[in-house]
There are 4 protein chains.
Amino acid sequence: MPPFVYAFPVRFADVDHAGIVYYPRFFHFFHAAFEELWRARLGSRAYVSLLDDDRVGFPAVAASCAFTAPLRFGDTVEVALTVAKLGGKSIVFRYAVDRAADAKVARVACARGEVTCAVVDLVRFTAIAVPERIHALLADLVE
Amino acid sequence: MPPFVYAFPVRFADVDHAGIVYYPRFFHFFHAAFEELWRARLGSRAYVSLLDDDRVGFPAVAASCAFTAPLRFGDTVEVALTVAKLGGKSIVFRYAVDRAADAKVARVACARGEVTCAVVDLVRFTAIAVPERIHALLADLVE
Amino acid sequence: MPPFVYAFPVRFADVDHAGIVYYPRFFHFFHAAFEELWRARLGSRAYVSLLDDDRVGFPAVAASCAFTAPLRFGDTVEVALTVAKLGGKSIVFRYAVDRAADAKVARVACARGEVTCAVVDLVRFTAIAVPERIHALLADLVE
Amino acid sequence: MPPFVYAFPVRFADVDHAGIVYYPRFFHFFHAAFEELWRARLGSRAYVSLLDDDRVGFPAVAASCAFTAPLRFGDTVEVALTVAKLGGKSIVFRYAVDRAADAKVARVACARGEVTCAVVDLVRFTAIAVPERIHALLADLVE
């Protein structure tokens, strides 16, 4: 199955003093793709409703990333999201960040990362089973 | 003439401890719309080329904003960009930030701001006349 | 009376593609000085307690800034906070941002700004009179 | 040998819509501690001089973190930096992020992470041997 892909430009302020995207921003890019998945498939209010109405959240319990090429201002970022593991009480998201090809640059792999999220009852802050509709949202993205 | 409009979602991390978009982020939203204007009209490499190849930049010399309604996670932001003044050596950009209407909320005016930018030779960091092609880019946006 | 002064380094990620502090960050610097005022005078939990326990907040209703010199990575920022107006239902904070002198650079004025905050009951999101203890906190900073 | 410790408050905008520090910010906290190490030991201009004058940089090639407890606005962060490996052409930094104890909360371990940095000639963007003075800066922090 194809991954969920979210493309967007590197912004003026994403870069650091070295002139390349500040590496913590890649984890933000991961999260932006995760948010966009919800928005694209279930509408702009779906994720906030899960959090605020159903009081279910996805805190990160582990995150890792390998960086292979820098991103610069002017580049277009493509984040491909898949699900490495859809477990009983946690989900492992996998993210592939590429620089898109354009008139000036070729496509290149920039970062490959994983984020393990617990599924949590936000009222009691305890782990819960992954709800059925989350399964439904993510099923086609499982590797 | 219609303004240039850029719409995008409030992101999970745009809000602060009060649960509303951190007010300095509005100035970032202004800049995102400015970047998107270049991208939409002249391509993804146009603005970075102006900066890096032509060594022309637009440092802000003044910025102001009035805030009339908060933005929250789940909202869609619309930034409308116009040009309040296209001067000889500076440009005054005007930004209107609205919350877009959706199934849950009505449209509301959130912020109205202005940013005065100098046009600067980045090698000597001195003000220069607004280049002709910047005039061309912005002409239809002058109020 | 002297202003409240908060000094801190420009961070690696505060700069943008032009190599200078991204102008929206100055408003963040203002807020950092405001937070530090509470922390320095009333302890690390005072401001969060006002917000979360007393449900009183200070949303910005207007902000403005004039920028006169850039800040760069390696510079030390000094933000001087005073109160331009301590009104019945709002407060105008004034911020002066300087680059501190060091072995390499002289002191220079970088930005001068103002932020008007309403004082708000966060439960009903309505303006309230400035509480007495806020008056006490800010009295010596009124210009 | 003791680690290098850098303590600072969680800021108003460090939290996300869930009311806890946005997990990508932890990697920013790591970097802040790294910057502060240079500043504390060698002065405010040492790291920028390494980058801009000597043209030596430390791009991250891998980063990972396990999160065990959230941080909230009002908390004081303590980042303890050690060196897990001081190799020929790369360095593995280890970061332990705790919430400091105060009148309201006990100390708790929040995050444990590692960042592997290459040492790079920024002109040719090629890996180089770790310079002698970097060894000297870090020697006492090697685990």
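**View 1. Chain D and chain A come together through the same surface.** In this predicted model, 100% of the interface residues of chain D are interface residues in chain A too, so these two copies meet through the same surface.

**View 2. A half-turn puts chain D on top of chain A.** Rotate by 180 degrees, add 0.0 Å of shift along the axis, and chain D superposes on chain A with an RMSD of 0.0 Å. That's the relation of a two-fold axis. Want a landmark for finding the axis? In chain D, look for Ser64(D): its C-alpha is the one nearest the axis, 2.0 Å from it.

**View 3. Now for where chain C touches chain A.** Each partner chips in here: 8 residues come from chain C and 8 residues from chain A. Between them, about 840 Å² of area is buried, and carbon and sulfur atoms give 75% of that. On the chain C side, keep an eye on Phe12(C), Ala13(C) and His17(C), which lose the most area to chain A. Together, this trio makes up 58% of what the chain C side buries.

**View 4. A closer look at the pairings between chain C and chain A.** How many salt bridges cross the interface of chain C and chain A? The count is 0. Polar contacts do turn up, though, with 2 residue pairs between chain C and chain A, both at pLDDT 80 or more. As for the kinds of residues, the side of chain C that touches chain A has 6 nonpolar, 1 polar and 1 charged.

Definitions and conventions. Residues are numbered from 1 along each chain as its sequence is written. Chains are lettered from A and ligands numbered from 1 in the order in which they are written. This is a predicted model: local features need pLDDT of at least 70, side-chain atom pairs count only at pLDDT 80 or more; totals for chains, interfaces and linings use all residues. Side-chain values use heavy atoms; hydrogens and water are left out. Contact means heavy atoms within 4.5 Å. Buried area is the accessible area (1.4 Å probe) that two parts lose on being put together, summed over both. A salt bridge is a side-chain nitrogen of Lys or Arg within 4 Å of a carboxyl oxygen of Asp or Glu. A polar contact is a pair of N or O atoms within 3.5 Å; within protein, one must be able to donate a hydrogen and the other to accept it, and residues adjacent in sequence count only if both atoms are side-chain atoms. Ala, Val, Leu, Ile, Met, Phe, Trp, Tyr, Cys and Pro count as nonpolar, Asp, Glu, Lys and Arg as charged, and the others, Gly among them, as polar. Copies are superposed by least squares on the C-alpha atoms of residues with pLDDT of at least 70 in both.
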